Amino acid sequence: MLKRSNSDIRKLDDAAKAGWLYYVAGHTQEEIAKKLNVSRQSAQRMVALSVSEGLIKVRLEHPIAKCMDLQVQLKERFGLRSCIVVPSADGEPSSTLGLAQAGAKEIELHLKSPQPKVIALGTGRVLRACVEELALLNCQHHQIVALLGNMASDGSASSYDVVMRMAEHINAKHYPMPLPVLPSSKEEKDQLHAQHYVANNLKLAAQADVTFVGVGNLAINSPLHIDGFVTPAELEELQIKGAVGEIISWVLDVDGNLIDCAVNDRVASTPLKVNPEKAVYAIAAGEEKVQAILGALRSKLINGLITNEYTAERLLTQLT
């Protein structure tokens, strides 16, 4: 990372002041300009910079009636313990705007617990975005553990690893899973799982106090395919067998059943439990993920959902 100059640091300091005055103290941009002795246009640019540089985290706190109604319906329909529905961006059915902020807020509730907690995490773009939205915290009493590896069969790593980034963000002890997502065979997976440090991590993940996962679709643009974990031929086989989505690489059909296939035989991820006693949140939204999320809900492997208004409405119109 390039070291910032003194000029850049002062610029960010001023932006942070402007952002705090606008979003926290409730001042207008004209009032900020007077307080900081700058033009109104400069104050506007400083407030914008405070957001673009991540100095200010903007979250919607007001409970919107329609979203609250959708939350209740989803909880009742799918027997969820918890459900959070955020507003959707008009005309953007696949937008994930708002998910990262809502996910970060829920994660922070657990991080702020004075009691030590084990927090298990999947991987992926949405979860990575949630981590980027977290406040800077000192959580040395918590443990962060990965539910799966992030290595492809050729040893290359995904750029969407979550556990290490989160541990750096909150100063917590972390336990990555040094494994490929899909070993070459079930025998190789069993050998890897038998290694002492891997077995300990799997045990820790299985005992997590709270778990956060993403939900992937299984179209040609699915993360498993794009990131090189499954071949085009394997993807086609999964689709023929009725696969619609995956949770930490465990492949499901729309009814929530694990597919009997070579991929599930080889998945090295921590197995999830049906009807878990502890909280297991899925964070996902978008038209291309509706069937995958529906399968995840029906599987009973999750008992919490963070999604958006559009996706919630689509889920409730599906036959159950």
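Trainee: In β8, which residue is the bridge partner of G245?

Mentor: Keep in mind that this is a predicted model. G245 belongs to strand β7, residues 243-247, and β8 covers 250-253. These strands pair in the antiparallel sense over four bridges. In β8, the partner of G245 is L252.

Trainee: Which turn residue between β7 and β8 has a positive phi?

Mentor: β7 and β8 form a hairpin. Two residues sit between the strands. One residue in the turn has a phi of about 40 degrees, and that residue is I248.

Trainee: What is the strand order in the open sheet of three strands?

Mentor: Start with the pairs. β7 and β8 pair in the antiparallel sense. β6 and β7 also pair in the antiparallel sense, over two bridges. The order of the open sheet is β6-β7-β8.

Trainee: Which are the edge strands there?

Mentor: An edge strand pairs on one side only. β7 pairs with β8 and with β6. The edge strands are β6 (216-217) and β8 (250-253).

Trainee: In β7, what is the bridge partner of G216?

Mentor: G216 lies in β6, which spans 216-217. β6 and β7 are joined by two bridges. In β7, the partner of G216 is E246.

Trainee: How many of the five residues of β7 are buried?

Mentor: Buried means under 20% relative accessible area. By that cut-off β7 is mostly covered. The number of buried residues in β7 is four.

Trainee: Now strand β5. Which residues are buried on each side?

Mentor: β5 runs over residues 210-213. Both of its faces are covered. One side holds V210 and F212; the other holds T211 and V213.

Trainee: In β5, which residue is the bridge partner of A120?

Mentor: A120 is in strand β2, residues 118-121. β2 and β5 pair in the parallel sense over three bridges. In β5, the partner of A120 is T211.

Trainee: What stands opposite V210 in β9?

Mentor: β9 covers residues 279-283. β5 and β9 pair in the parallel sense over four bridges. V210 is buried in β5. Opposite V210 in β9 stands A279.

Trainee: Is T28 buried, partly exposed or exposed?

Mentor: T28 sits in the loop between α1 (6-24) and α2 (29-36). Buried means under 20%, and exposed means over 50%. T28 has 41% relative accessibility, so T28 counts as partly exposed.

Trainee: How far apart in space are T28 and A18?

Mentor: In sequence, T28 and A18 are ten residues apart. The distance in space is taken C-alpha to C-alpha. That distance is 10.0 Å.

Trainee: Let's step back. What radius of gyration does the protein have?

Mentor: The protein has 320 residues, so a compact globule would have a radius near 20 Å. The value for the protein agrees with that. The radius of gyration is 21 Å.

Trainee: What share of contacts joins residues at least 24 apart?

Mentor: Take contacts between residues at least 6 apart in sequence. Among them, the share joining residues at least 24 apart is 71%.

Trainee: How far apart do the centres of the positive and negative side chains lie?

Mentor: The protein has 33 positive and 36 negative side chains. Each set has its own centre. The two centres lie apart by 7 Å.

Definitions and conventions. Residues numbered from 1 in each chain as written. Predicted model: local features only at pLDDT ≥ 70, side-chain atom pairs only at ≥ 80, totals over all residues. Heavy atoms only, no water. Buried < 20%, exposed > 50% of the residue type's maximum accessible area, 1.4 Å probe, protein only. Pairing = 2+ DSSP bridges. Rg over C-alpha atoms; globule rule 2.2 N^0.38 Å. Contact = heavy atoms within 4.5 Å. Lys, Arg positive; Asp, Glu negative; His and termini not counted. Charge placed at Lys NZ, Arg CZ, Asp CG, Glu CD.
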